[in-house]
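Hi,

Here's the structure I promised to pass on. Have a look at it first, then read my notes below.

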Amino acid sequence: MAGEPEKNDGGFTAKRKAANIRLAILLALVVVAVYAGFILSHL
Amino acid sequence: MSDAVTHEHHHDAHDHKPTGMGRWLFSTNHKDIGTMYLVFALIMFFVGGAMALVVRAELFQPGLQYVDPQFFNSMTTMHALIMIFGVVMPAGVGLANWMVPMMIGAPDMALPRMNNMSFWILPFAFAMLLGTFFMEGGAPAGGWTMYPPLITQLGDGFPFLIFTVHFLGISSIMGAINIIATVFNMRAPGMGFMQLPLFVWTWIITAFLLIASMPVLAGAVTMLLTDKYFGTSFFIAAGGGDPVMFQHIFWFFGHPEVYILILPAFGIVSQIIPTFARKPLFGYVSMVYATAAIAFLSFFVWAHHMFTVGMPLAGELFFMYATMSIAVPTGVKIFNWIATMWRGAMTFETPMLFALAFVFLFSIGGFSGLMLGITPADFQYHDTYFVVAHFHYVLVTGAIFALMAGAYFWLPKWTGHMYDEKLGKIHFWISVISVNVLFFPQHFVGLAGMPRRIPDYSVQFTEWNMISSVGGFVFGLSQLLFLWVVIKCVRGGREATEEVWEGARGLEWTLPSPPPFHTFTTPPQVDEAVAHS
């Protein structure tokens with residue numbers, strides 16, 4: 001397959017979709033942690 | 001493999017796209033969502049602009065003319081909220097939606113359904129915010145900074161303001177997550193981080209700023225809400241709380257927010273100047289590091305917005321020096337833009353004119369920012385029109401001019417038609433002259449002591465205020481010309497080529513103009529020559 005561009009079905013191959021969702025969940029957890037941590041630290 | 005080939009063939013045969021309202025309501029296409037963001041931002045630009053004109057009409061002469069002070073305060077507050085959250089941020093996200101996937105060779109954003117939700121939250125959030133005008137107690141009037149205890153005295157509109165801010169925050173955070181996932185996971189093979197166009201770099205960094213700062217704002221306004229309705233005393237002095245704490249928290253969000261507004265503008269200008277100077281961007285790597293440095297430092301300067309509330313001398317010194325240190329990476333960027341133009345074969349089409357005006361006028365805003373960052377001087381300038389002049393140079397001749405430059409730069413790519421260059425240049429010259437007539441005199445009245453957010457003023461400030469108001473109306477009305485240029489370009493005009501501009505480099509310029517509904521379903525070959533301009 002060398003030299004031939006990798007086929008890509010819109011970025012939604014199972015592997016890439018899973019990676020996108022994992023990263024989104026991780027970033028969302030960061031957001032929730034900052035939000036909740038911030039309020040709790042001021043109680 | 002056979003599936004993929006069939007898929008490609010399908011798109012070659014007819015570029016399938018949904019039709020009717022469903023195309024927009026349920027869109028998961030980055031180009032359509034980008035268009036919706038940009039149209040929304042343009043509508044809100046005129047709504048927020050109309051409010052600014054009410055302010056300028058009232059300030060045309062001393063005394064109370066047209067509106068009562070409460071409504072005047074609503075106008076300044078809502079103008080700010082709309083321009084920041086409804087214009088500059090959505091326009092930046094709109095440009096990111098359109099351009100980032102095409103620049104990195106991705107078929108779409110990483111999370112297209114979330115992308116749809118990010119956009120559609122906005123019209124409902126702003127409907128809620130604008131609805132406060134019709135409520136008991138009127139629209140928010142305590143300033144966009146929402147300082148307690150003043151803001152908690154707002155009537156029925158208060159919870160709507162708080163929920164609007166929450167919704168806008170959720171929308172921005174989802175947009176930021178999407179951009180990070182897109183750039184991290186969806187780049188075409190061969191495109192490393194150091195091959196990314198500067199616009200993409202500035203958006204990744206902006207996205208991290210959003211993720212770090214927006215939850216802080218959300219936390220602060222949640223605490224305001226519980227203070228008013230649930231008996232807490234985070235910021236109520238009588239209950240043992242600290243109103244000044246809100247200011248610290250707000251500006252811990254607020255200063256990174258300034259860079260959320262301006263970093264994408266830096267990215268746009270970094271795409272445009274090399275194109276029209278017909279030279280690669282000077283100091284690409286230093287541009288990336290300077291952008292990251294600005295973003296990092298933005299978390300350590302918040303208290304320069306509140307020197308006058310009182311803080312320990314060590315605090316004042318720390319925040320003063322930290323603020324000044326931001327001038328170093330910003331200076332690197334200004335130097336690089338100028339060095340890019342040095343001995344370039346420059347031409348001055350409308351996007352380049354707006355980009356050049358950006359470099360020059362944003363620098364004025366930057367320098368007045370340095371003046372404000374000097375603690376003892378700030379005691380004189382604080383809450384005067386000098387501050388208003390400063391941040392309008394940063395946000396109007398900075399952020400808005402860069403967005404205009406980006407719109408002119410990419411309109412031919414989006415629509416497939418060249419815009420009317422003559423009208424574009426007329427729009428530029430009227431805008432650049434009138435915006436200086438509008439905001440430059442505000443330095444003078446500010447230094448002379450005119451306070452901001454007050455509908456009346458001492459008679460000695462009359463002349464400069466009259467001049468400022470005339471500039472304001474000319475600037476505001478001249479934006480209708482921009483609207484006409486955009487409509488004209490969408491409806492027709494000379495056909496744009498793929499490359500559009502002679503000096504354009506990058507993957508987005510290898511696509512047809514307008515690009516088909518689905519692009520880069522097969523990742524492109526990335527080489528150094530097209531990776532970044």
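First, a term you'll need: two residues are in contact when they have heavy atoms within 4.5 Å of each other. Now the ground rules. This is a predicted model, where local features need pLDDT of at least 70, side-chain atom pairs count only at pLDDT 80 or more, and totals for chains, interfaces and linings use all residues. Residues are numbered from 1 along each chain as its sequence is written, chains are lettered from A and ligands numbered from 1 in the order in which they are written, and side-chain values use heavy atoms, leaving out hydrogens and water.

Let's start with helix α5 of chain B, residues 112-131 (helices are DSSP runs of H or I, at least four residues, numbered from the N terminus). Its 20 residues should span 28 Å at 1.5 Å a residue (that's 1.5 Å times one less than the number of residues), and the end C-alpha atoms are 30 Å apart, so the two agree. Its buried residues (under 20% relative accessible area, 1.4 Å probe, protein chains only) include B:F119, B:L122 and B:F126. Among the elements covering the buried residues of α5(B) are α2, α3, α4 and α6 (157-185) of chain B.

Next, B:N465, which sits in helix α16 of chain B. Is B:N465 buried or exposed? B:N465 counts as buried because its relative accessibility is 2%. Beyond neighbours within four places in sequence, B:N465 touches B:R56, B:L59, B:F60, B:V445, B:M450 and B:Y457.

Enjoy exploring!

Terms used
Helices (H or I, at least four residues) and strands (E, at least two) are DSSP runs, numbered from the N terminus. Buried means under 20% relative accessible area, exposed over 50%, partly exposed in between (1.4 Å probe, protein chains only).
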